[in-house]
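Please open the structure in your viewer and keep the selection box at hand, since each stop on this tour begins with something to select. Take the stops in order, and pause at each one to look around before going on.

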Amino acid sequence: MAAVAETQKVLVYGGRGALGSKCVEYFRSKSWWVASIDIVENENANANVLVKMSESFTEQTDQVTADVGKLLGEEKVDAILCVAGGWAGGSAKAKSFYKSCDQMWKQSVWTSSISSHLATKHLKEGGLLTLAGAKAALSGTPGMAAYGMAKAAVHQLCQSLGGEKSGLPAGSAAVAILPVTLDTPANRTAMPNADFGSWTPLEFIAKTFYEWTIGNSRPKSGSLIQVVTTEGKTELSPAHL
């Protein structure tokens, strides 16, 4: 079924995760039409595209691309927010290194790649694509090698999308956020004694995305935006590579 023709629409890739769920909730509160793309349905979204687990990247890309096409029809969206991802620790010596590389690549690079291609097909002119990078991946990450490698690839992809002939619609922007630690239930469970005042609230990210979609303080395309929270105050700053 094609998407209902409403004024403002957004696709949230990873819409059932902690940040994705917050984005769905926030944009719905602004009366946007929201579609979630994830392996699990988000009941708060207007529509869902369920990703079928696969060991083949091309199989997954074909499935998601086709299902999004069926959902949207000829309709265009104002934004595509790719907030899928995960974390894995370990050096290149770790027994789990190969498994971690596979997992991180699927969770970060596959999703970012699919979102980027979807943007070339379904994003409005002047629209917004966001990708999920990491501040740690601006330099070496020996204790979480697979994670850093995958996030660095996302950074490169974002920068490529900001260049000429990237394939994105005219006037649109691709922006990657580079947080340190997000304040999620899973992180609180894993690190109960951490300094939560240095963790970025999910609401801040969702609100920032919303402001960017309506043109407020939106960074130029290709930007890598560091998200740093100190003593409960969050600031955004561009990374200069």
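## First stop: a buried strand residue

Begin with Val49, which counts as buried because its relative accessibility is 4%, under the 20% that marks the limit for that word. Keep in mind throughout that you are looking at a predicted model. Val49 sits in strand β3, which covers residues 47-50. If you now show the residues around Val49, leaving out those up to four places away in sequence, you will find that Val49 touches Ser36, Ile37, Asp38, Asp67, Val68 and Leu71. Select Ala35 as well, and draw a distance between the two C-alpha atoms: Ala35 and Val49 are 14 residues apart in sequence, and 7.3 Å apart in space.

## Second stop: helices α2 and α3

Next, select residues 57-72, which form helix α2, together with helix α3; the two pack at an angle of about 35°, with their axes 10 Å apart. The crossing of α2 past α3 is right-handed. To see what makes the contact, show Phe57, Gln60, Thr61, Val64, Thr65, Val68, Gly69 and Leu72 on the α2 side, and Trp110, Ser113, Ile114, His117, Leu118, Lys121 and His122 on the α3 side. As you read along these names, it helps to know that an α-helix has 3.6 residues a turn, so residues three or four places apart point the same way. Val68 of α2 deserves a second look, since it is also one of the residues that Val49 touches.

Now hide α2 and keep α3, residues 97-122, on the screen. How far apart are the end C-alpha atoms of α3? They are 36 Å apart, and this agrees with the 38 Å that its 26 residues should span at 1.5 Å a residue. Follow the helix to Trp105, where α3 bends by about 35°. Then move to Ser115, which also lies in α3. Is Ser115 buried or exposed? Ser115 is buried, because its relative accessible area is 0%, and beyond the residues up to four places away in sequence it touches Tyr13, Ile80, Cys82 and Leu129.

## Third stop: helix α4 and strand β6

Select residues 145-161 to bring up helix α4, whose 17 residues should span 24 Å at 1.5 Å a residue, and whose end C-alpha atoms are 25 Å apart, in agreement with that expectation. Colour its buried residues, which are Ala145, Ala146, Tyr147, Gly148, Ala150, Lys151, Val154, His155, Cys158 and Leu161. These buried residues pack against α3, β5 (123-132), β6 and β9 (223-230), and it is worth showing each of these elements in turn.

From there, go to Ala174 in strand β6, a residue that counts as buried because its relative accessibility is 0%. Not counting residues up to four places away in sequence, Ala174 touches Leu129, Cys158, Leu161, Leu168, Lys220, Ser221, Gly222 and Ser223. Two of these names, Cys158 and Leu161, you have just coloured among the buried residues of α4, while Leu129 appeared earlier as a contact of Ser115.

Continue to Thr181, which is found in the loop between β6 (173-179) and β7 (182-183). At 18% relative accessibility, Thr181 counts as buried, because the word applies under 20%. Leaving aside its neighbours within four places in sequence, Thr181 is in contact with Asn187, Met191, Ser198, Trp199 and Thr200.

## Fourth stop: helices α1 and α6

Select residues 18-29 for helix α1 and residues 202-213 for helix α6, and turn the view until you can see their axes, which come within 9 Å and cross at roughly 50°. That angle makes α1 oblique to α6, and the crossing is right-handed. In this contact α1 supplies Ala18, Leu19, Lys22, Cys23, Tyr26 and Phe27, while α6 supplies Leu202, Glu203, Ile205, Ala206, Lys207, Phe209, Tyr210 and Thr213.

## Last stop: two exposed loop residues

Finish with Ser31, in the loop between α1 and β2 (33-38), where phi is near 65°, a positive value in a residue other than glycine. Ser31 is exposed, with a relative accessible area of 57%. Then select Glu231, in the loop between β9 and β10 (233-238), whose phi is also positive, near 50°, and which is exposed with a relative accessible area of 76%.

Key. Residues are numbered from 1 along each chain as its sequence is written. This is a predicted model: local features need pLDDT of at least 70, side-chain atom pairs count only at pLDDT 80 or more; totals for chains, interfaces and linings use all residues. Side-chain values use heavy atoms; hydrogens and water are left out. Helices (H or I, at least four residues) and strands (E, at least two) are DSSP runs, numbered from the N terminus. The expected span of a helix is 1.5 Å times one less than its number of residues. The bend at a residue is the angle between axes fitted to the seven residues ending there and the seven starting there. Buried means under 20% relative accessible area, exposed over 50%, partly exposed in between (1.4 Å probe, protein chains only). Contact means heavy atoms within 4.5 Å. Axes are lines fitted to C-alpha atoms, for helices over the stretch in contact, and angles run from 0 to 180 degrees between N-to-C directions. Angles under 35 degrees count as roughly parallel, over 145 as roughly antiparallel, 65 to 115 as roughly perpendicular and the rest as oblique. A crossing is left-handed if the near helix is turned anticlockwise from the far one by less than a right angle, and right-handed if clockwise.
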